Amino acid sequence: MQPRNMSMSGVVDLAAVKAAGEAKAKAEQARAEAARRGDTGAVPPSSLVIDVDEAGFERDVLQRSAEVPVVIDFWAEWCEPCKQLSPVLERLATEYNGRFVLAKVDVEANQMLMQQFQIQGIPAVFAVVAGQALPLFQGAAPEAQIRETLDQLIQVGEQRFGLTGITVDAEAGAEPGADEEPVERAGPYDALLEAAVRALDADDFGGAAQAYRNVLADDPGNTEAKLGLAQAELLARVKGMDPQQVRKEAAERPDDVPAQIAAADLDLVGGHVEDAFGRLVEAVRRTAGEDRDAARLRLLELFEVIGSDDPRVTAARSALARVLF
C-alpha cells in the first residue's frame, strides 16, 4: 500500500501556529519549569509507548489526550508494512521525549475501534488531541514525512490546545550515578517583573502586559511572566464592565458565546474558578465552528491565569476533552 498523506490543515487552521522551533523550545522550557517546581507527574520512558485495547481506550487515550497528544498506530501481526512503520514510530516516541505518547492498537483484537475510526487499511495513524481525533497518514510513510507530521501535531497541541507534553523521568532509564545536566534560566528579569507588578498595582494593565511580554520575548518558558501576562490581560478585559449587565445578558442568552466569555472572565476575577471553567466548557458543548473555537481558546487563556498544576485546571481539561470528542 502506498502511503497516503492526510494533512491536518483541513482540520485546524495552521496559519497562526508559530514556527516549529519556537513551539518546541516553549514546550521544553515548560517541562523544565515543571521539573524545577518538583512536580510528581513524571513518567518513565516506557510509558511513552503503550498497548491500548477497547476497554482502556477512554482512560489511556481520551483522558491522556487532555495533557499530551496521543498518536495511535493501528496495526496487525500479519501486516508487513506495519512491521516497517511501528519501530520507527516507537523510536520517535522515545526521541520526542514526552511531546507525544504512542498508543498501539491491534486491529485484529479491537475491531470496534477499527470501525469507529473508519480504518480502510493498515497501517493507519491517527492522533487524539484534547479529545479530538485527527487523521495523520496511512501506509508505511517515510521517516521525514512522519517527523514533519509529528512536528505539526505538537505545534497544534501546544498553540491551539495549550498542551506542552508530559515530563519523562530520565533517571528511570539512566545508569546509576549518571549526572543530571543542570537547566539554566535565561534571566534574570527581576527589573521587568517588578515593573510589571508596579503597573498592576497602578491599574496600568496595558503596561503590565507589555512588561511581561518583554520577558517572554527572551524567555518563553518564564512561568511568572506567563502567569502575570494572563492575569493582566484578564484584568484589562473586565475593567469597565458592568457586572450586573454582563451577568444578565449571559443568563438571558445561554448560546451567546461572547456573553458567556465575558461572564466567565467576571467569574474568575471574583474567585469563582469552577463556575468560570464550567460556563466555558458548556459553551463549547453547545456551539460549533468559530463560536466553539472562541470559547475553547478563552478557556485555555483562563487556565493560564490559574496555572496548569491546579487540580481545577486538570478537571476542566478532562471535561473539555469529553465535550470536544
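**Bridges and a disulfide, step by step**

Mentor: Let's start with Arg-279, which counts as partly exposed at 24% relative accessibility. Keep in mind that this is a predicted model.

Trainee: Why is Arg-279 called partly exposed?

Mentor: Partly exposed covers the range between buried, under 20%, and exposed, over 50%. The 24% of Arg-279 falls in that range, so partly exposed is the right term.

Trainee: And what makes Asp-267 buried?

Mentor: Its relative accessible area is 3%. The cut-off for buried is under 20%, so Asp-267 qualifies.

Trainee: How do you know that Asp-267 and Arg-279 meet in a salt bridge?

Mentor: Their side chains come to 3.0 Å, N to O. The definition asks for a Lys or Arg nitrogen within 4 Å of an Asp or Glu carboxyl oxygen, so the pair counts. Asp-267 sits in helix α10 (residues 257-269) and Arg-279 in helix α11 (residues 273-286), so the bridge ties together parts that are 12 residues apart in sequence.

Trainee: What makes Glu-252 and Lys-248 a salt bridge, and where do the two residues lie?

Mentor: The N to O distance is 2.8 Å, and the limit is within 4 Å, so the term applies. Both residues belong to helix α9 (residues 243-252), four residues apart, about one turn of the helix. Lys-248 has a relative accessible area of 43%, between the two cut-offs, so it is partly exposed.

Trainee: Is Asp-310 buried or exposed, and what about its partner Arg-312?

Mentor: Asp-310 has 17%, which is under 20%, so it is buried. Arg-312 has 31%, so it is partly exposed. Their side chains meet at 2.9 Å, N to O, in a salt bridge.

Trainee: Which residues are joined into one network by salt bridges that share partners?

Mentor: Those are Arg-91, Glu-95, Glu-143 and Arg-147. The structure holds 22 salt bridges.

Trainee: Now the cysteines: why is the link of Cys-79 and Cys-82 called a disulfide?

Mentor: Their sulfur atoms are 2.4 Å apart. The criterion is a pair of cysteine sulfur atoms within 2.5 Å, so this pair meets it. The structure holds one disulfide.

Trainee: What is the handedness of that link, and are its cysteines buried or exposed?

Mentor: The link of Cys-79 and Cys-82 is right-handed, with 80 degrees about the S-S bond. Both cysteines are buried.

Definitions and conventions
Residues numbered from 1 in each chain as written. Predicted model: local features only at pLDDT ≥ 70, side-chain atom pairs only at ≥ 80, totals over all residues. Heavy atoms only, no water. Buried < 20%, exposed > 50% of the residue type's maximum accessible area, 1.4 Å probe, protein only.
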